[in-house]
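Welcome! Take a moment to look over the structure below, and then we will walk through a few of its parts together.

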Amino acid sequence: MFIEVDYYINKAAYDTVNDTSYCGLQPYKLYTTLTIKTNNMIKRRKLKGGARAWTKRIDLVFQKWVKLNDTNKEGYGTCCTCSKPLHYKEANAGHYQPRQFRGTRWHEENVRLQCIYCNQWLAGAQYAFAKFLGFKKADELEELSRVKVTFTDEEYADIYYKYKELILELEATKV
Ligand SMILES: [Zn+2]
């Protein structure tokens, strides 16, 4: 019997599940036990809606991570292209190479804290963005963005949970 298997944030629990139950006999039983034991994030490795659904989910956590990561513990940072001070709750996560390019859509250097004006009215202020990154890095990102990439469900899941967990860590550091 195969069911969509959930993994758990707890490493020990993950290993247990990973070890035998994935193709094993009583996934439901383990599921219940581990859910109670870890009382934590349920990690779904497959998603109805496939790539499109993963993309939507990852965008949300990744962009939130960018905003939390580019701000101090009070939640303030500066726009990467105009240096205006801003709180992460009123900021955007601006892309240097646009989101349509999968190779850099979730690249940590390609996506930075940006004010709404620069991101939406100046279409990302790409030249200032390149200056902020340094032109060498900007060129690298541009090249990388053109590489065609595809992800498996497993890879999507890895990216998604990585940032979901990092968000929890970062949120705990904010006052
Ligand atoms: Zn700005």
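Asparagine 92 sits opposite glutamine 114, a residue of strand β6. This is a predicted model, and the pairing is a good place to begin. Strand β5 (residues 92–95) and strand β6 (residues 111–114) run antiparallel, joined by four bridges. Which way do the residues of β5 point? Asn92 and Gly94 point one way, Ala93 and His95 point the other way, and all are buried. That fits a general pattern: in a regular strand, side chains alternate between the two faces of the sheet.

Next comes a helix, α7, which spans residues 135–145. The table lists residues from its two sides.

| Residues of α7 | Buried or exposed |
|---|---|
| Ala138, Leu141, Ser145 | buried |
| Lys136, Asp139, Glu143 | exposed, on the other side |

Why do Ala138, Leu141 and Ser145 share one side of α7? Because they cover an arc of only 65 degrees around the axis, they lie on the same side of the helix. In general, an α-helix has 3.6 residues a turn, so residues three or four places apart point the same way. The cover over the buried residues of α7 includes α4 (102–105) and α6 (126–133).

Our last stop is valine 175, found in the segment after α8 (153–173). Is valine 175 buried or exposed? Valine 175 counts as exposed because it has 6 other C-beta atoms within 10 Å. Setting aside neighbours within four places in sequence, valine 175 is in contact with Lys73 and Glu74. The C-alpha atoms of valine 175 and lysine 73 are separated by 5.8 Å, although the two residues are 102 residues apart along the chain.

Notes. Residues are numbered from 1 along each chain as its sequence is written. This is a predicted model: local features need pLDDT of at least 70, side-chain atom pairs count only at pLDDT 80 or more; totals for chains, interfaces and linings use all residues. Helices (H or I, at least four residues) and strands (E, at least two) are DSSP runs, numbered from the N terminus. A residue is buried if 20 or more other C-beta atoms lie within 10 Å of its own, exposed if 12 or fewer, and partly exposed in between; C-beta atoms are placed from the backbone. Two residues are in contact if their C-beta atoms, placed from the backbone, lie within 7 Å. The arc is that of the directions from the helix axis to the C-beta atoms. Two strands pair if DSSP finds at least two bridges between them.
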